[in-house]
Amino acid sequence: MRDDNCIFCKIANGEIPSATLYEDEDFRVILDLGPAAKGHALILPKEHYPNLYELPDELAKKDIVLAKKMITKMTRVLGCDGYNVVQNNGASAGQTVFHFHMHLIPRYENDDAGFGWNIGELSDADKEDILTKIKEIN
Ligand code: AMP
Ligand code: ZN
């Protein structure tokens, strides 16, 4: 299942060249063209799924195992100090390419990758609301 209008379908399947770090029958791992830090990479499935909601469980399992392998190898290659493994779903969450992908972002002490969020506080109302509703959904 591919989408003819999707750039990541074309990259993942080799129709558009990319800086490929790894490839197997299910995935291609490439360097991001707009890296947050040196070595920022993307895991792309070869089949088109818009986001994690749509990704089949079998691919999701393989994806996280591959993420672990890649960051282990890349930590040695780059000599980085840590990693953010990030995956955006929906425009409101910062997704700009609607073909599932996982970001592997190496982190270096005192880098300026600027990755994070504002820390809030869990209110009693939110907690009760969420805990009640999650029990109602299977
Ligand atoms: P997201 O915002 O989670 O959808 O991430 C999209 C990512 O794809 C961004 O980090 C972009 O820099 C990256 N990107 C977009 N087009 C390309 C491309 N042709 N090759 C490599 N990376 C790309
Ligand atoms: Zn696609």
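Which atom of ligand 1 lies 3.0 Å from a backbone N or O atom of Val97? It is an oxygen atom. The views below come from a predicted model.

**View 1. The whole protein in outline.** The protein has 138 residues, and 35% of them count as buried. It holds three helices and five strands. Along the sequence, these follow the pattern α-β-β-β-α-β-β-α. The C-alpha trace spans about 50 × 40 × 25 Å along its principal axes.

**View 2. The pocket of ligand 1.** Ligand 1 takes up the space of the largest pocket. Around the ligand stand 16 residues. Asp32, Asn88, Gly94, Thr96 and His103 come nearest.

**View 3. Polar contacts with ligand 1.** Two backbones and a side chain appear here. Leu33 places a backbone N or O atom 3.2 Å from a nitrogen atom of the ligand. Val97 also uses a backbone N or O atom, 3.0 Å from a ligand oxygen atom. His101 uses its side chain: a polar atom there lies 2.9 Å from an oxygen atom of ligand 1. The protein covers 80% of the 510 Å² of accessible area that ligand 1 has on its own.

**View 4. The shell and where it comes from.** Helix α1 (7-12) and strand β2 (27-31) each supply at least two residues of the shell around ligand 1. The largest share, three residues, comes from α1. By class, the shell has eight nonpolar residues, seven polar ones and one charged residue.

Notes: Residues numbered from 1 in each chain as written. Chains lettered and ligands numbered in written order. Predicted model: local features only at pLDDT ≥ 70, side-chain atom pairs only at ≥ 80, totals over all residues. Heavy atoms only, no water. Near = heavy atom within 4 Å. Polar contact = N/O pair within 3.5 Å; in protein donor to acceptor, adjacent residues only side chain to side chain. Areas by Shrake-Rupley, 256 points an atom, 1.4 Å probe, with all protein chains shown as cover. 1 Å grid on protein atoms, 1.4 Å probe; cavity = no way out; pocket = protein on both sides within 12 Å on 5 of 7 lines; lining within 4 Å. Sits in = over half its atoms within 2 Å of the grid points. Helix = DSSP H or I, 4+ residues; strand = E, 2+ residues; numbered from the N terminus. Nonpolar A, V, L, I, M, F, W, Y, C, P; charged D, E, K, R; others polar. Buried < 20%, exposed > 50% of the residue type's maximum accessible area, 1.4 Å probe, protein only.
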